[in-house]
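Below are some points on the model, set out for a colleague who has the coordinates open and wishes to check them one by one. They take up charged pairs, a helix, a pocket and the backbone, in that order.

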Amino acid sequence: MSQTTPRGYTVRPATPADVDGARRVMLDTLYNEFGYGYVPRWHRDVVDIEGTYLDDPRHLLLVALHDGEVVATTGVRSEGPNHPPHPRWLAESYPSVTTAQLVRVYVRPEHRRRGLAGTLVDTARAFIASTPGYERVYLHTNVDIEGTEAFWRSVAKEVFDARSTGEHGPGVATVHFEIPM
């Protein structure tokens, strides 16, 4: 993919000074875009950004800044999908120690369609490739957000379309993907 950072933006690993801005992007996405808000069993990392991303050398939180404000995020965690709610076969296919899970790829609506998501994903993939022990890159996403499904299909391979199973409950259109390392 190899994106360049869009003009007027900075993409870099998050620092403690970015935590509040990153959390705002995440929570705004959960409430305003997804419509179901903060769910503790799914979003514990949003509350503990420092412990989840900044304190673990195998984890990463990237931020995109515009005029000094965090406008997009992308996280990497050494964690595969959990069973339940996901199917057992999926959890077994992506074990936590060797799987880099891409999470929180969120871009504020007014900053979309500028290449930020591509730049963030490329930067995350470079981190994953340089971090010992990772063998696969996995993610799942709610494809109800405009442009999400087309974006992920352009950079990843679908491994399971859970829209018909309702694994996260009504109104959550989850599709699981693997991204080439």
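1. In this predicted model, the side chains of Arg-44 and Glu-79 meet in a salt bridge, with an N to O distance of 2.7 Å. This pair links distant parts of the chain, since Arg-44 belongs to helix 2 (residues 40-47) and Glu-79 to the loop between strand 3 (69-77) and helix 4 (88-93), with the two positions 35 residues apart in numbering. Arg-44, at 43% relative accessibility, counts as partly exposed, whereas Glu-79, at 13%, counts as buried because the cut-off for that class is under 20%.

2. Glu-79 has a further partner in Arg-77, and here the closest N and O atoms are 3.1 Å apart; both Glu-79 and Arg-77 are buried. Another salt bridge joins the side chains of Arg-163 and Asp-161, at 2.7 Å from N to O. Both of its members are partly exposed, Arg-163 with a relative accessible area of 36% and Asp-161 with one of 24%. Through salt bridges that share partners, Arg-44, Asp-45, Arg-77, Glu-79 and Arg-104 are joined into one network. The count of salt bridges comes to 14.

3. Which residues of helix 6 are buried, and on which side of the helix do they lie? The buried residues of helix 6 (residues 148-155) are Thr-148, Trp-152 and Val-155, and they lie on the same side of the helix because they cover an arc of only 70 degrees around its axis. The face of helix 6 turned away from this buried side carries Ala-150 and Ser-154, which are exposed. As for their surroundings, the buried residues of helix 6 pack against strand 4 (99-107), helix 5 (116-130), strand 5 (136-142) and strand 7 (174-179).

4. The largest pocket holds about 1000 Å³ of space, and 46 residues line it, with Phe-34, Val-105, Tyr-106, His-140 and Thr-141 lying nearest its centre. At least two lining residues are supplied by each of helix 1 (19-34), helix 2, strand 4, helix 5, strand 5 and helix 6, while the largest share of the lining, seven residues, comes from strand 4. By residue class, the lining of the largest pocket divides into 19 nonpolar, 18 polar and nine charged residues.

5. The backbone also deserves a look. Most residues other than glycine have a negative phi, and most peptide bonds are trans. The peptide bond from His-83 to Pro-84 is, however, cis, with omega near -15 degrees, and the peptide bond from Pro-84 to Pro-85 is likewise cis, with omega near 15 degrees. Pro-84 lies in the loop between strand 3 and helix 4, and the place of Pro-85 is in that loop as well.

6. Two residues that are not glycine call for attention because of phi. Arg-104, found in strand 4, has a positive phi of about 55 degrees although it is not a glycine, and with a relative accessible area of 10% Arg-104 is buried; Arg-104 is also one of the residues joined in the salt-bridge network of Arg-44 and Glu-79. Arg-113, found in the loop between strand 4 and helix 5, has a positive phi of about 70 degrees, again without being a glycine, but Arg-113 is exposed, with a relative accessible area of 69%.

Terms used:
Residues are numbered from 1 along each chain as its sequence is written. This is a predicted model: local features need pLDDT of at least 70, side-chain atom pairs count only at pLDDT 80 or more; totals for chains, interfaces and linings use all residues. Side-chain values use heavy atoms; hydrogens and water are left out. A salt bridge is a side-chain nitrogen of Lys or Arg within 4 Å of a carboxyl oxygen of Asp or Glu. Helices (H or I, at least four residues) and strands (E, at least two) are DSSP runs, numbered from the N terminus. Buried means under 20% relative accessible area, exposed over 50%, partly exposed in between (1.4 Å probe, protein chains only). The arc is that of the directions from the helix axis to the C-beta atoms. Contact means heavy atoms within 4.5 Å. On a 1 Å grid over the protein atoms alone, a cavity is a set of points where a 1.4 Å probe fits but cannot get out, and a pocket is an open set with protein on both sides within 12 Å along at least five of seven lines; lining residues have an atom within 4 Å of a point. Grid points are joined across faces, edges and corners, and a volume is the space filled by probe spheres set on the points. Ala, Val, Leu, Ile, Met, Phe, Trp, Tyr, Cys and Pro count as nonpolar, Asp, Glu, Lys and Arg as charged, and the others, Gly among them, as polar.
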